[in-house]
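Q: Please take a close look at the helix packing in this model. Begin with one helix pair, then follow the helices to whatever else they help to form.

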Amino acid sequence: MTSNVTIVDHPLVQHKLTLMRRREASTAEFRKLLREIGLFLGYEALRDLQLGKINIETPVCATEAPVLAGKKLTFISVLRAGDGLLGPMLDLVPSARVGQIGLARDEKTLQPTKYFFKVPKGLAERTTVVLDPMLATGNSAVRAIEEIKAVGAKDIRFVCLLAAPEGIETFTKAHPDVPVVTASIDEKLNEKSYIVPGLGDAGDRLFGTKGV
Ligand code: URA
């Protein structure tokens, strides 16, 4: 395993992930569980944030206490399932700026093409966390990071719920400088590029759009 990939193996995360994977989990359950796990993933992805000290008074005494003092944060969701991780990330850092990238697969080249791109200015001075629950082939994630590097982002992390070994390999080869945080590296991709055992289509499960 490459050292740039962190698997959040907390028992509660693994338990909740199992609940989410189940075919019978409702849209409401799936959403809630993604939010809960997203908090853990977010804490892990931001583990190295810099701290400074401020003086405060508790009811007991004056003291010096740690507060965030590093670069400002930007969260970028890869549409549309990435939006399911935005809520928990914003719970952790309500002041973060938010961007969104829309990528669709070109049926001729099978490569992702960009149909939406709106990110805050000044990414070069900020820490950017890119969010996409499923790292499957890795092609969209690689492209998303290329796009945000092209507008100056340097300090980047990638957060996903599940990854396939194929996606991890493609991603870490293309962007060895970008740490990946995930709850699981599953077995493989199937012939339709779904993660196995996976959880199906994350966007459909999150938004209740299966068969629509
Ligand atoms: N995207 C999904 O939503 N699910 C997969 O299994 C792979 C890609």
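A: H2 passes H3 in a right-handed crossing. The model is a predicted one. The axes of helix H2 (27-45) and helix H3 (residues 83-92) come within 8 Å and cross at roughly 55°. That angle makes H2 oblique to H3, because oblique covers whatever is left once angles under 35 degrees, over 145 and from 65 to 115 are set aside. On the H2 side, the residues in contact are Leu34, Arg35, Gly38, Leu39, Leu41, Gly42 and Tyr43. They meet Gly84, Leu85, Gly87, Pro88, Met89, Asp91 and Leu92 of H3. Sorted by class, this contact has eight nonpolar, four polar and two charged residues.

The loop ahead of H3 has a local feature of its own. The peptide bond from leucine 79 to arginine 80 is cis, with omega near 0°. Arginine 80 sits in the loop between strand S4 (73-78) and H3.

H2 also packs against helix H1 (residues 11-21), with the axes 9 Å apart and at an angle of about 155°. H1 and H2 are therefore roughly antiparallel to each other. H1 passes H2 in a left-handed crossing, whereas the crossing of H2 and H3 is right-handed. H1 brings Leu12, Val13, Lys16, Leu17, Leu19 and Met20 to the contact, and H2 brings Phe30, Leu33, Leu34, Glu36, Ile37 and Phe40. The contact of H1 with H2 counts 10 nonpolar residues, two charged and no polar ones. Leu34 appears in the H2 contact with H3 and again in the H2 contact with H1.

From the packing of H2, turn to the open space that H2 helps to line. H2 and helix H6 each supply at least two residues of the lining of the second largest pocket. This pocket has a volume of about 370 Å³. Its lining has 16 residues, and those nearest its centre are Leu199, Gly200, Asp201, Arg205 and Lys210. By class the lining divides into six charged, five polar and five nonpolar residues.

The chain leading to H6 has two further local features. In the loop between strand S13 (188-189) and strand S14, serine 193 has a positive phi of about 65° although it is not a glycine. Valine 196 and proline 197 are joined by a cis peptide bond with omega of about 0°. Proline 197 lies in the loop between S14 (195-196) and H6.

H6 leads on to the largest pocket, which has a volume of about 1,000 Å³. Of its 27 lining residues, Leu103, Arg105, Ala136, Ser140 and Asp201 are the closest to the centre. Asp201 is thus listed by the centre of the largest pocket and also by that of the second largest pocket. Strand S5 (97-105), strand S6 (112-118), strand S8 (134-135), helix H4 (139-150) and H6 (202-207) each supply at least two residues of the lining of the largest pocket. This lining has 15 nonpolar, seven polar and five charged residues.

H4, one of the elements that line the largest pocket, has a packing partner of its own. The axes of H4 and helix H5 (residues 165-174) come within 9 Å and cross at roughly 20°. H4 and H5 are therefore roughly parallel to each other. Their crossing is right-handed. Asn139, Ala141, Val142 and Ile145 of H4 make the contact with Thr170, Phe171 and Ala174 of H5. By class it has five nonpolar and two polar residues, and no charged ones.

Taken together, H2 is oblique to H3 and roughly antiparallel to H1, and it contributes to the lining of the second largest pocket. H6 contributes to that lining and also to the lining of the largest pocket. H4 takes part in the lining of the largest pocket and is roughly parallel to H5.

Key:
Residues are numbered from 1 along each chain as its sequence is written. This is a predicted model: local features need pLDDT of at least 70, side-chain atom pairs count only at pLDDT 80 or more; totals for chains, interfaces and linings use all residues. Side-chain values use heavy atoms; hydrogens and water are left out. On a 1 Å grid over the protein atoms alone, a cavity is a set of points where a 1.4 Å probe fits but cannot get out, and a pocket is an open set with protein on both sides within 12 Å along at least five of seven lines; lining residues have an atom within 4 Å of a point. Grid points are joined across faces, edges and corners, and a volume is the space filled by probe spheres set on the points. Helices (H or I, at least four residues) and strands (E, at least two) are DSSP runs, numbered from the N terminus. Ala, Val, Leu, Ile, Met, Phe, Trp, Tyr, Cys and Pro count as nonpolar, Asp, Glu, Lys and Arg as charged, and the others, Gly among them, as polar. Axes are lines fitted to C-alpha atoms, for helices over the stretch in contact, and angles run from 0 to 180 degrees between N-to-C directions. A crossing is left-handed if the near helix is turned anticlockwise from the far one by less than a right angle, and right-handed if clockwise. Contact means heavy atoms within 4.5 Å.
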